[in-house]
Every structure is written in C-alpha cells, then in structure tokens.
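User: I'm new to this structure and would love a close look at a single part of it. Could you walk me through the nonpolar core and the rings around it?

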Amino acid sequence: AKITRRGPQIFVEDLGSRNGTFVNGSRIEAPVVVSAGDEISVGPMHAILGTAAGVRSQAQIGSAGELDERLAAELDRASRYRRPLGLAMLHLDGEPEAVEEAALRTAESLRRMDFFAQYAPNEYCALLPEAGFSATIQAGQRLAREAQSVLEDISPVDAYVGVAAFPEYGAVAGELLSTARAALRASRQSGPGIVSGPPTEK
C-alpha cells in the first residue's frame, strides 16, 4: 500500500498486493481519501491513521446522525479485530455560552482518533477507539475537568459523565448507548465531576 498527502488530503492506495488493502474493513480498488482515526489494513498489519501537522483552530462536534454512523463503524471494527471501544456520555449544565465553550474544550482535549458529537440538548458523546473500560473512566475524568475549567474564564459548568465499553457493557450500538446513558443518570445522582460506570444489577 502507498500513503500520500496531496495538500490537506491524505490518500491510501493498493499497489496490487495479493491480499489487498482495506480501509475501515472495506477493500479498496482505487485511491481513497482517509482521515485521522481510519484503520488501514494490509495483510496481517493494521494501523490507525493519526496526523500531527497543524493544530485544530476549533474542534468539530458531530451530529447525532454522524454519531450513529461512526459508532456502527467503530463497533464493526472492534468486533472484527477484537479491540476495545469506550463510550463516554457527558451532560453539561450552565449558561448556554459556557456550555458551548465547555463542549468545544472537551472536544479539543480528545485524541485525533476519537469522535465527539452532540447527542441531545446539553448532552454529548465521546467515542474512544482502543480504550477499554478503565481507560474510558480515566478519559471521562479528564473530560469532566476540561469541561469544568470554563469556570475560570466564563461561568460555572457542571459536568456529569457516564461511561461504558465494548465488549463488557454492550455488543451493539443501542445496547452500548443505553448502558452509557444509564451510567450518566447515575453520575447526575452522584454530583458534578463524578464519573460513573454502568449501575450494577441487584
């Protein structure tokens, strides 16, 4: 396979290899544009693309529809290659301007392979490839601190975080989201800044 950059875009193409080149699990027949977080597979080798040139001037926050698509793709990859996948749900309470700034700061604090989207009013979801449950808890703590840091610049924001991970807490998108939202409800009962895992069944 050959990876080239043309201006702001990065392309991957297969050079006639016997087993082919795959991007996010799909075999490619022609040059394909790839971005940070995409998985490139050649034979037994798997690599996740990361880019280091330039700094995001402002993080992108995806929509609920984009989250559904990305979650389905990441779950397929995680299942296919037996890799972990973390999900952190955040609820931000505060003045609208402060909540917007908190969401942007949270998105900017994530790795380039991660995905951040608005799920509902004041509710956001961080998708964390290659993060098991303990790593997702740690990421959730970092996200809560980042969101609440707007206190110093604008006004207070209370951040509540609930986390879940594949495969322990869900094997399909609906199940994983539902479990993470149940964890978020537990966080909101515990208080701001608390990161909760899925409630234990009694």
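Which residues in the largest nonpolar core touch the most other members?

Analyst: Happy to help! Please keep in mind that this is a predicted model. The largest nonpolar core has 25 residues, and those touching the most other members are Leu92, Phe116, Tyr124, Ala126 and Val161. Two or more residues of this core come from each of these elements: strand 8 (85–94), helix 2 (96–108), strand 10 (123–129), helix 3 (133–148) and strand 11 (157–166). There is also a second, separate core of 18 residues, with Leu87, Met89, Leu177 and Leu184 among them.

Let's zoom in on Ala126. Leaving aside residues up to four places away in sequence, Ala126 touches Gly86, Leu87, Ala88, Leu110, Phe115, Phe116 and Leu143.

Now for the rings. The whole structure holds 2 aromatic pairs. In one of them, Phe116 and Tyr124 are stacked, at 5.5 Å centre to centre with 5 degrees between the planes. Phe116 has a relative accessible area of 4%, so it counts as buried; Tyr124, at 6%, is buried too.

The pair formed by Phe133 and Tyr169 is tilted, with 5.0 Å centre to centre and 50 degrees between the planes. Because Phe133 sits in helix 3 and Tyr169 in the loop between strand 11 and helix 4 (173–190), this pair ties together parts that are 36 residues apart in sequence. Phe133 is partly exposed at 21% relative accessible area, and Tyr169 is partly exposed at 30%.

Key
Residues numbered from 1 in each chain as written. Predicted model: local features only at pLDDT ≥ 70, side-chain atom pairs only at ≥ 80, totals over all residues. Heavy atoms only, no water. Core = buried A, V, L, I, M, F, W, Y, C linked by side-chain atoms within 4.5 Å. Buried < 20%, exposed > 50% of the residue type's maximum accessible area, 1.4 Å probe, protein only. Helix = DSSP H or I, 4+ residues; strand = E, 2+ residues; numbered from the N terminus. Contact = heavy atoms within 4.5 Å. Phe/Tyr/Trp six-rings, centres within 6.5 Å; stacked < 30°, edge-to-face > 60°.
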